[in-house]
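I opened this model to look up its nonpolar core, one helix pair and one chain contact, and I kept these notes as I went.

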Amino acid sequence: MKSKNTQKNIINIVIYVIFAILLFLLLLPLISMFGTAIKTHDAALMTTSLFPEKWADLSLENFGYVMIKMKFGKNLLNSAIVSIVVTLACIFCAAPAGYAISRFKGPYFKFYSVLLLLLQMFPIMLMLMPQYLIFTKLHITNSLLSIIISYTTGNLAFSIWLLKGFYDSIPMELEQAAMVDGCTKFRAFLTVVFPLTLPGIATVSVFTMLNAWNEYTVASVFLKKDAIMTMTLGLQKFVQQNGADWPSLMAAACIATVPAIVFVIFSQKYLIEGMTAGAVKG
Amino acid sequence: MKKRTLSIILSLGMVMGMLQGCGNDAATENAPAAEQTQETEPAEETDTATEPEAGQEDAGQGEEAVAGGTFLDEIEPDATLTYWEMQWASGEYQNHVQAMVDQFNEENEYGITVNLEMIPWDGYYETFLTAVTSGTAPDVYTGASTAPTQYAQMGESLDLDPIIDAWKAENNPILDDIAEQYWGFFKYEGVTYGLPYGVDPKQITYRKDFFEEAGIDKLPTNYDEFLEACAKLKEKFPDKIPCLLTAGGNEPSSNHMAEVLNGLNAAGMFDANKNATMLTDAQRENYEFVKTMMDEGYMSEGSGGYGDADVEKIWLSGGACILFGRSGNIMINTDIEENVAVLPPFTGPSTSEGKYCANVNGVAGFSQTEYPNASRYFLKWWMENNIQILAGTGNGNLPLRESYYTHEAYKEHAWYQETLDNCIKTGITQAYPMDSMFPEFATMEGEKVLAVALAEVIEGTDVETALQDCNDAIQTVFDDAREAAE
Amino acid sequence: MKKKKNKIENNRLGYLMTIPATLLILLVDIYPLFNGISLSLQKYNLQHPDKRRFIGLDNYVDLFQDVEFLGVLGYTFFYTIVTVVTSYLFGLILALIMNRKMPGKGIYRTLALLPWAVAPSVANVCWRLLFNDRVGIINIFLMKIGAIDSPILFLAKGDIARYTVIFTDFWRDFPFMMIVLLASMSSIPRDLYESAYMDGAGFWSSFRYITMPMIKGVSAISTILMFIWVFNRFDNIYLLTGGGPNKATYTLPIMSYFTSFMRGNMGKATAMAVVMLMVMTVVAIIYLRVMKSEENE
């Protein structure tokens, strides 16, 4: 028994180490991004090391420039608004739809899931111009509403599909038990099934949120007014035609990852808290 | 006596009629006079005796002088214009442009309000195209140099000849301030669709200190001497790249390398009949030159994958001796600035005077605008007052107006004068050997068709195949365009 | 009779529940989709809008006769499949590891999601500098430890570039797989594993008979979705190599972009998109059929 434990421990340690190395490799871009951002402006341009080489090269001036002089905070705020609204809207539309496709039988629902898949397949580049036309007719171009609608719809397909998968793994007995107790089907959904799919909801929210946070192409075509520019557009303020203000760009990018990371940490809790083991009987 | 008073009253009446602006208002006192001033041509036919009086009476400043019979008479009142400015410099450039726009909004007498929107470079092509095809294009803009001509072919560009006529009528010095050859650059089918204001210089810059250390005391004047200089640099500095250039990434920078080669050897990539001309001896020499540089290790092996970021990093950290085919402006205000100079253009074997490439940029308008004359007025004012967004703002464009170079910002850095002398005054344009920009160039630049030969030679293909492939690619663009027009 | 009425009523709830999603899709997606399909049957060049006319299937005929198009289609397939497979496998392994009771799990999960948290344009610039043969850390490190003699030309040589772009895509995609699989695995009750362990099942058998079946549904969905995303993906490769060097990493989305925006040939570009759509549909159908038949065994 004892040797088996130590064996287990050794395996664990080995796994940890491999993991750590892997993660370092995979986080190289972020590390280099951060390393450049904390150098002074000149050092960032002229040195090629990952981190500042001398103490004198270490500085937070890029962050100051980005947030204070260039008012990057405004862009972050716009992106935050868009991301949160899109995530909420997406869940609001996708959760019931995913449930419907999972639970109900009929040609309509079968066709629906196929249609969702089909819609994913059309490249965004070709959707740009027709979508822009639609929003022009609705007079909502150059407003955050246009990209909110575009992003929500863009994330709908995969959200519904993913949630359908989660719903499929929850046995129908649960709702039926609730309905026997007098709930309507919808109430059963809301009170019994929906909470159990929290990991699925959390998954969908994380990806929808991050997709909306980092999206560039649609935003660049739809938004032109300075006041509503999102974070990805704000990053472009540091980019010229044939070159860029790399130190400031990296600093801005670092700042931009912070809300995303915070959200990821926040949602971790819900990602993994699965169903209580006792809920499944038989 | 009475007759004279009458004629004076009539003349004054005509003047007031002209000042009514758009003559939709038929309730002017002198309907005939108002009618006459609607057409720009009959300006000469109106009583010229009244013209100077009118001009002097109304003109507060010389530039605002209403030259009779030009579009300036028909400016729509209280117009609102949308103005798209590209991110020509990073960071606070926007503030300078906004300041200029604010100044215009305050100053102009026609009640025109201009709204500024800054457009990022990444994805700008889609932004413009989507806006134009959906009917929501801006009124005026600066953009890629290919835009005015390209949209002219679609029928979407605003005709700017009236502005030139107005300048002629008032004898504006701007017409001489910009060299003759540039005025026709944005002409399409005989009509001007863009006003040339700036140049993005494509040149060769070098490290004076490295050259000195390597014992190169005489700057190369032809291809062989250039290769010799590279050899010396390579020997002296085995860890540095002798010649740094961009041939990769998605930015159009590799096109610029090809353009510089064109200029150095007077070799065009296409001719006036819109056929590809890569299979000439001059181009052969160019790409043999490139191949030699590659084989001898005078350029980095990784050049085929370099984008703007790589090149900037290597150049600014002192990892290279010569920067080929790019504007030298990235070194301004950095530690290496004093050691960098523009290499006077050397000459290829097939010509007597090598030249650099001055990529011309223009300001233009869209014909979708609701206020064509107000737009033209703003464009005219813009060309006359744009020094504040060019000088000292980090704008990648150098002015085409020679008079601007007396500004202190241009005296601070030697690079400006060197570029003016070596590149702008004597350079070819990117459309060489054509006199003006043409729509297919946008495709060739965007898909980096111009750089096909360069990229292939760098990756190791032999010169003949590379030239043939490049020729085919360019020819296909022209053929596709012909087919589309059928 | 009552049963049938219930069924319709039940289905009515289902219909109602899909309404919000349907509204959005109708508004934003349907017109572009149909517009795209109809455009593919026309000759329409943005530069010459007056020459627009209906030409039936000519665009498609041209495409299938175009050797370049077929080659690009082939590479896009290859690149997509390799990316999806590697992302899935790596995501699966990570998910399995993280599913155990392990301290610091939360931190690792957060870290693994970071690639998704960075804006693509910035990430690609960072990769570009990391892969650089002169100043890139990767080459410098490998040479320092003596693994290679001369720098690897990650982006300059076509053959290598093909795999470099797969790697950067994989870097972006495996977190998605990991999180999705992990979420699915976490809903498998622990006692199943414990009773299997009691019965003497090793790691491999418990994986094969407990884990795999439970995550099958989610696996199928996420791999199909990822296939579609990667197949359609434009940003990553374009920002890194622009389709180069010399069209080594030229994929269909980039070709479609060039054809539609650079050449203005909307007819041909939409035909390309429709072909891509058909290819993906076929793949999806085959894949799902296979999945279903395995389930039925």
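The entries below follow that order.

I note that this is a predicted model, in which local features need pLDDT of at least 70, side-chain atom pairs count only at pLDDT 80 or more, and totals for chains, interfaces and linings use all residues. Residues are numbered from 1 along each chain as its sequence is written, while chains are lettered from A and ligands numbered from 1 in the order in which they are written.

Entry: core. I looked up the largest nonpolar core (buried Ala, Val, Leu, Ile, Met, Phe, Trp, Tyr and Cys joined through C-beta atoms within 7 Å; buried means 20 or more other C-beta atoms within 10 Å, C-beta atoms being placed from the backbone) and found 314 residues, of which A:A94, A:A253 and B:L244 touch the most other members. Helix 7 (residues 158-185) of chain C gives the largest share of this core, 15 residues, helices being DSSP runs of H or I with at least four residues, numbered from the N terminus. Leaving aside residues up to four places away in sequence, I list B:W315 and B:F324 among the contacts of B:L244, a contact being C-beta atoms within 7 Å.

Entry: helix pair. I found that the axes (lines fitted to C-alpha atoms over the stretch in contact) of helix 14 (residues 308-316) of chain B and helix 5 (residues 120-131) of chain C come within 9 Å and cross at roughly 50°. B:A309, B:D310 and B:K313 meet C:V125, C:R128 and C:L129 there.

Entry: chain contact. I record 31 residues from chain A and 31 residues from chain B, with helix 7 of chain A supplying 5 residues, the largest share of its side.

Conventions. Buried ≥ 20, exposed ≤ 12 C-beta atoms within 10 Å, placed from the backbone. Helix = DSSP H or I, 4+ residues; strand = E, 2+ residues; numbered from the N terminus. Contact = placed C-beta atoms within 7 Å. Axes fitted to C-alpha atoms, helices over the stretch in contact; angles between N-to-C directions.
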